[in-house]
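User: Please take a close look at one part of this model, a loop and the helices on either side of it, and describe it with care. I would then like to see that part set against other places in the chain, with the reasoning spelled out where a classification depends on a cut-off.

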Amino acid sequence: MVGVQVGAGATSTVPWAALDHAALGLPATTDLPSARALDALVHAAAGVAYLKWFEYRLAAAMHARLVEPFEDEDRRELDAFTRCAATIATTMSVTQGAARTLLTDAVALRDRLPLVAECLRDGVVTPHHIRTIVSRTELIEGQCYAALVDADIARALRRPGSWSPARMETMVDKMVHRRDPDAVRERRDAAKQNREFTVETGRDGMATAMDTRSAEDVAALAEAVRRLAEQVCPKDTRSKAARASDAHYALVTQTEFGCDCDRPITDCRYKNIDLEKFAATAPRIVIHLVTDTTTLDGPVPAPEAERVCRSTQHPARPDMGHSDVPLRPGADPTANAAGAETIAPKPVTTDPVTAEPDTTETVTTETVTTETVATETVAAEPEFSGRPNVTADADRIDTAGAGDNSWRCEKSVGLDTVDGVGFLPGIGTISGAHVRDLAADPRTVIRPLGDGTDTPLPATQPSNPYRPSAALDAYIRARDLFCTWPGCNRPAWDGDLDHITEYDNTHPDRGGRTDATGLGAKCRFHHLLKTFGDFVDDQYPDPTDPSRLIRTITIPDGRTVLGPAFTGHDVHPGLDAIVFGDPPAAGTPKPPPKRAAAERQRPAPRTEQKHARRRQERNRNRLRRVIPPDDTPPPF
């Protein structure tokens, strides 16, 4: 056998470009039509994920050989971990910090998140999301429930759909909060005590000031700064960030702020902004918070099944320690069976507080703190029903030894209570303790979204069937969390509500409906892109779970991309209990204008033709998904 070394720094290097592209599944050339180029791009992205997984495996192997034997007794300043990272940094010509991050992530994926690592290997998650997952799960290191969090995250990653960095952060935080409510509550108390204001001197006569405060205070401050920074004319020469810096300083010191254009004060009314007048006339700052009624009431007893770890990742027998446990006969030594115990949905009936959905509420803060809280009812959140399980885990379940409890950890995970979470747009997931702190603020207004009954809420404004009602508006934004375009991070509360199928004001019976299925949140950019571009979006109830929606975007070359894999339903399952009535029946179409008998009728306007074409394309796409093409030859 001949060994071939590949990569920079190898003694006998074979460049990647010289490898057989066909063996790698890559086209021989990059000069391809756009459709094939996109296919190759998707395949290359999966290859990058696999290579990154392979890189992590190699780094973890180096850690096992060069660091672990000396971890317990190495007290040198340049310890084994530092020297191992230096070896990687020198060989790969990267910084010491980059090498330490690579090594840290590799060990975390190997020891704490093995199922997430498999998602990376299979191309389910991209490498740039791994740092987010690793960093936001650091505090579960060494905990008995770490394997359960790993399985929860891996199950969410394997759902069909797209991810943005903000959705990924929200999902991971949700999983950690679900398994670690006590630690989250303790961290919240510690964080409030550790508020600070620091100043760091920089270069070129500049300095940085940092104020660490509660998320809702910072959100209110950012909104005040943004409003003042916008009080300039189009000829202002500063960047958006520079204007925000000047506005922040003016607010803190109560000094002047104005436009810096070169026009005289008689031509630019923004030359000098009176801060007192601006503050008096500006609308109040309202911050939206989405939570559920059970979170407002406080933690509830956890189901008995979740108080003890049933994981097989670290089985303990009475006569031996964890490190001496032999492998189960026929078991894969590298397999992590931890998630296998947690993949199957747990029956929510075991939890005494998950009976009937309670009311969903919204909290508004009339002042500068928290605003709306769309609430629903999840005490102990159920597993994600109707979603695919982690396939790699499902294959590992050893049914023969399923009843052998000696192979399962019986350690208490300390999960005596279950608490809900809240969602602050632009900030992310916050703990139940944080939610209750905000709810206790006298400036907070709690607005229920629904009355806890099956009575449908109105879907539209009484006088205008095009406009959604306030309840539907809040529901859509709480359900979507962010712009629903794949990869977009803009909060739904800062965007527009878009009719998925274009609303036809001339013939309302032909256009889209103003209801929960017919509306979706989009940021202004993607709303304009959909309206004036050749992108066609669609959304319709999931046949396997009608309370959920399937979203798709069809790009100009005909490729269909799935929408978000994680939505507000996953953060607040009680949103499923909110129902809306049908929008009012379509009105009488507007009669065409009277024309002379001999006058020639012009064809339908381009916009009308475009909307008709899009309706046809959506119908074709749905038929293709519901009725798969039959590729079998005819019976003759």
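Analyst: Q254 is exposed in this predicted model, because its relative accessible area of 51% lies over the 50% that the class requires. The residue sits in the loop that runs between helix 10 (240–253) and helix 11 (275–281), and its backbone has a phi near 55 degrees, which is a positive value in a residue other than glycine.

On the other side of helix 10, the loop that connects it with helix 9 (215–229) holds E230. With a relative accessible area of 45%, E230 falls between the limits of 20% and 50% and is therefore classed as partly exposed. The C-alpha atom of E230 is 9.9 Å from that of G258, although 28 residues separate the two in sequence.

A second backbone site with a positive phi offers a contrast in surroundings. L481, again a residue other than glycine, has a phi near 65 degrees; it comes just after helix 15, in the loop that leads from that helix to strand 13 (496–499). Is L481 buried or exposed? At 1% relative accessibility, L481 is under the 20% limit and therefore counts as buried, whereas Q254 counts as exposed.

The helix before L481 is itself mostly covered, since 8 of the 11 residues of helix 15 (residues 470–480) are buried. The buried residues are L472, A474, Y475, I476, R477, A478, R479 and D480. R479, which belongs to this helix, has a relative accessible area of 2%, and therefore it too is buried. Setting aside residues up to four places away in sequence, R479 touches A516, L519, G520, Q539, L549, R551, T567, G568, H569 and L575. The C-alpha atom of R479 is also 9.0 Å from that of D570, a residue 91 positions away along the chain.

Another residue to set beside these is D582, in the loop between helix 17 (568–571) and helix 18 (606–626). At 68% relative accessibility, D582 is over the 50% limit and therefore counts as exposed, and its C-alpha atom is 8.7 Å from that of T514, with their positions 68 residues apart along the chain.

The nonpolar interior can be followed next. In soluble globular proteins, nonpolar side chains tend to be buried together. The largest nonpolar core here has 56 residues, of which I133, I153, L157 and M171 touch the most other members, and helix 6 (residues 146–157) gives the most to this core, with 8 residues. If neighbours within four places in sequence are left aside, I133 is in contact with L113, V116, V125, I153, L157, M168 and V172. Apart from that core lies another, of 15 residues, and its members include A229, A250, F257 and F278. This returns the description to the part described at the start, as helix 9 spans 215–229 and helix 10 spans 240–253, with helix 11 at 275–281.

A helix packing elsewhere in the chain can be described in similar detail. The axes of helix 2 (residues 80–92) and helix 3 (residues 96–111) come within 8 Å of one another and cross at roughly 115 degrees, and the crossing is right-handed. On the side of helix 2 the contact is made by F81, T82, C84, A85, A86, I88, A89 and M92, and on the side of helix 3 by Q96, A99, R100, L102, L103 and T104. By residue type, this contact divides into 10 nonpolar, 3 polar and 1 charged.

These places belong to a chain of 636 residues, 43% of which count as buried, and in which 18 helices and 17 strands are assigned. Among the chain's contacts with a separation of 6 or more, 68% are between residues 24 or more positions apart. The chain exposes about 34,400 Å², and carbon and sulfur atoms supply 55% of that area.

Note on methods
Residues are numbered from 1 along each chain as its sequence is written. This is a predicted model: local features need pLDDT of at least 70, side-chain atom pairs count only at pLDDT 80 or more; totals for chains, interfaces and linings use all residues. Side-chain values use heavy atoms; hydrogens and water are left out. Buried means under 20% relative accessible area, exposed over 50%, partly exposed in between (1.4 Å probe, protein chains only). Helices (H or I, at least four residues) and strands (E, at least two) are DSSP runs, numbered from the N terminus. Contact means heavy atoms within 4.5 Å. Accessible areas come from the Shrake-Rupley method with a 1.4 Å probe; for residues, only the protein chains shown count as cover. Axes are lines fitted to C-alpha atoms, for helices over the stretch in contact, and angles run from 0 to 180 degrees between N-to-C directions. A crossing is left-handed if the near helix is turned anticlockwise from the far one by less than a right angle, and right-handed if clockwise. Ala, Val, Leu, Ile, Met, Phe, Trp, Tyr, Cys and Pro count as nonpolar, Asp, Glu, Lys and Arg as charged, and the others, Gly among them, as polar. A nonpolar core is a set of buried Ala, Val, Leu, Ile, Met, Phe, Trp, Tyr and Cys residues joined through side-chain atoms within 4.5 Å.
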